[in-house]
Structures are given as structure tokens and as C-alpha cells.
Amino acid sequence: MEISQERLTHLKQLEAESIHIMREVIAEFQNPAMLYSVGKDSSVMLHILQKAFYPAPPPLPLVHVDTKWKFKEMIDFRDKRAKEVGMELITYSNPKGEEMDISPFKHGSAVHTDIMKTEGLKQMLNIQKFDAVFGGARRDEEKSRAKERIYSFRDENHRWDPKNQRPELWNIYNGRHTKGESIRVFPISNWTELDVWQYIYLEGIPIPDLYFSKEREVVEYMGTKIMVDDERMPEELRKTAKKEMVRFRTLGCYPLTGAVNSDATTLPEIIQEMLVCTTSERQGRLIDSDGDASMEKKKQEGYF
């Protein structure tokens with residue numbers, strides 16, 4: 001019997017759409033990859049990618065731009081998951097940024113993001129010559145992401161032009177590009193944060209423990225609470241550390257990722273929090289507060 005979309009739950013409809021997009025990309029592009037940022041969205045995307053090509057392993061590598069300031073737990077989780085799923089893991093850090101010892105504390109979030117994230121990503125893409133890269137961005141996250149297509153065209157300099165985007169009618173995606181150009185592909189664009197958490201719960205998807213609340217050492221920094229993750233945090237800040245029950249709604253570089261006070265230690269409790277939450281998960285991302293339309297400017301310059 002034919003299964004119509006009306007018979008599918010909304011999560012299964014979203015999953016089916018994501019699988020369709022992933023298979024289209026693999027069929028259409030010569031050298032695709034998946035950007036694996038280790039967070040909940042990447043974890044969902046990786047799980048769907050496995051489903052799309054089961055029982056074979058996904059026919060593309062995982063790539064991770066390492067800023068050297070990610071939570072230590074994220075790096076351990078990244079390496080473990082790559083081995084579990086049997087996919088090649090390509091990591092890259094901007095060597096010039098490492099040589100300059102770029103730090104979020106010393107140089108600020110804007111400089112750190114530009115050199116270690118945006119420039120690091122563009123360098124990696126130039127070296128590996130990927131023509132399509134999956135990313136876990138969703139439209140409900142932030143205003144500039146809301147206007148971006150599922151197939152996001154980038155020119156030979158990896159720049160995005162929000163005023164020159166391709167129409168996507170009837171689930172038909174235009175992947176045409178010339179040498180040097182590429183497409184950023186967002187298979188879970190139409191998901192919400194609540195959808196992601198419900199899907200993680202229903203499918204039993206592994207995620208870092210940082211998403212669950214527990215007693216952690218945090219300090220007040222730039223209007224938010226950040227976790228003490230290593231000795232590189234300035235001593236004057238570490239002296240003010242206190243233990244609180246916190247968790248993270250989004251993950252990234254630990255000095256730029258704000259914690260939220262929470263008692264949610266299980267997935268059902270996190271979902272319950274999401275049902276009554278009225279703020280974006282990205283309120284904890286300090287890079288989003290660098291200036292007006294800062295995320296859109298970063299994306300135009302090549303940020304994912």
C-alpha cells in the first residue's frame with residue numbers, strides 16, 4: 001500500500017525531506033562532504049545521513065574546522081562518533097591563526113571567528129575542493145538563516161549574496177555551478193529546535209553531555225555565563241568561578257558559548273523546557289552580538 005504524507009508524523013515528513021535532499025546531493029555532486037560541528041543539529045544530520053545510505057556507510061567524509069577553543073568534551077565526542085559510524089574525519093585549523101595565538105579572550109569574538117572559523121573554513125574548502133558541503137543550520141535559529149535557501153550558492157571566494165538566491169519550487173534544487181564555486185546544503189532547514197530534540201529522543205541519538213544540566217564551574221563574562229573548561233581562561237576570571245546547575249542549548253568555542261541555568265537532566269525534561277521557552281538558542285552565542293546583522297555579514301564573507 002502506498003504511504004501518503006498524511007500518514008506520516010511531522011517528524012517523519014521532515015526526515016523524509018532531509019533524506020531526499022541528501023540523496024540528491026550525493027547523486028549530483030562530485031566531491032561532497034558534511035561539516036560536523038558536534039552539536040545536536042550535526043548529530044541529527046549524521047543520523048539521517050546514515051539512514052539515507054544504510055546499510056552502506058555514507059559515501060562522503062566528515063569535516064571539522066577546529067578553532068582550538070572547542071569544549072574538550074566536544075573533541076572527545078567528535079573522535080568517538082567518527083569511529084562508531086565508520087566515516088573518514090578530516091580536521092583543519094588555520095595555521096596562521098595558530099601561529100598568531102588567536103584567542104577569544106585576547107582578540108575578541110569577531111577577530112577569533114573571522115580568523116579561526118571563517119578563514120579556516122575557506123582554507124579547508126580550497127584545499128579539499130569540496131563542491132557541496134552539508135551544514136546543520138535551521139531557519140528558526142537566526143534572522144539571516146531564515147532567508148537562506150536549502151541549496152545556498154557560494155561564489156569562488158565562498159561568499160553568499162542574500163539578494164541573489166535561486167528559487168526552490170516543488171522541492172527542485174538547482175545545483176549548477178562552475179569550477180571553484182560551491183553549494184552549502186542545509187537538509188534540516190525546515191526543522192525547529194523542538195523538532196530536533198523530539199527526534200533525538202525518539203531515535204535515541206547520542207549527543208554530548210554538555211546539553212544536559214549538571215553542576216559546572218561558570219563565570220560571568222560579557223553578559224552571560226561561560227564554563228571554566230581549561231587553564232587558558234584568564235586567572236582573574238577563574239577566581240570568580242562558582243558552581244551552578246547549568247546546561248548548553250548550543251555548542252561552540254567555550255569562551256563564546258553561554259550556559260543557561262536549568263534542572264533538565266534528561267531528554268524529556270529538555271523537551272519540556274523547549275515547550276515553554278520563548279528565546280532563541282543562539283542567545284548564548286556571543287558571536288551573534290558582535291554588531292547589527294553580524295551573522296549575515298559573517299555569512300556573506302564565507303561563514304557557514
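W170 sits in the loop that runs between β5 (151-154) and β6 (182-185). In this predicted model, W170 is exposed, with a relative accessible area of 73%. Together with L169 and I172, W170 makes a nonpolar surface patch of about 410 Å².

The setting of this loop is a protein with 10 helices and 10 strands. Of its 304 residues, 55% are buried. The protein exposes about 14500 Å², and carbon and sulfur atoms supply 50% of that area. Contacts often link distant parts of the chain: among those between residues at least 6 apart in sequence, 75% join residues at least 24 apart.

One helix can be followed in more detail. Helix α3 covers residues 72-85, which makes 14 residues. From its first C-alpha to its last, α3 reaches 21 Å, close to the 20 Å expected at 1.5 Å a residue.

Which residues of α3 are buried? They are M74, I75, F77, R78, R81, A82 and V85. Seen down the axis of α3, these buried residues fall within an arc of 165 degrees, so they line one face of the helix. An α-helix has 3.6 residues a turn, so residues three or four places apart point the same way. The buried residues of α3 pack against three elements: the helix α2 (40-53) and the strands β2 (62-65) and β3 (89-92).

On the other side of α3 lie D76, K80 and K83, which are exposed. D79 also belongs to helix α3. Is D79 buried, exposed or partly exposed? Buried means under 20% relative accessible area and exposed means over 50%, with partly exposed in between; D79, at 30% relative accessibility, therefore counts as partly exposed. D79 and V38 are 41 residues apart along the chain, and their C-alpha atoms are separated by 9.7 Å.

After α3 comes G86, whose phi is positive, near 70 degrees.

The table sets out the accessibility of two residues described above.

| Residue | Relative accessible area | Class |
|---|---|---|
| W170 | 73% | exposed |
| D79 | 30% | partly exposed |

The two residues in the table have their places in separate elements: W170 in the loop between β5 and β6, and D79 in helix α3.

Technical notes: Residues numbered from 1 in each chain as written. Predicted model: local features only at pLDDT ≥ 70, side-chain atom pairs only at ≥ 80, totals over all residues. Heavy atoms only, no water. Patch = residues over 30% accessible without salt bridge, like charges linked within 9 Å, V, L, I, M, F, W, Y side chains within 5 Å. Areas by Shrake-Rupley, 256 points an atom, 1.4 Å probe, with all protein chains shown as cover. Salt bridge = Lys/Arg side-chain N within 4 Å of Asp/Glu carboxyl O. Helix = DSSP H or I, 4+ residues; strand = E, 2+ residues; numbered from the N terminus. Buried < 20%, exposed > 50% of the residue type's maximum accessible area, 1.4 Å probe, protein only. Expected span 1.5 Å × (residues − 1). Arc of directions from axis to C-beta. Contact = heavy atoms within 4.5 Å.
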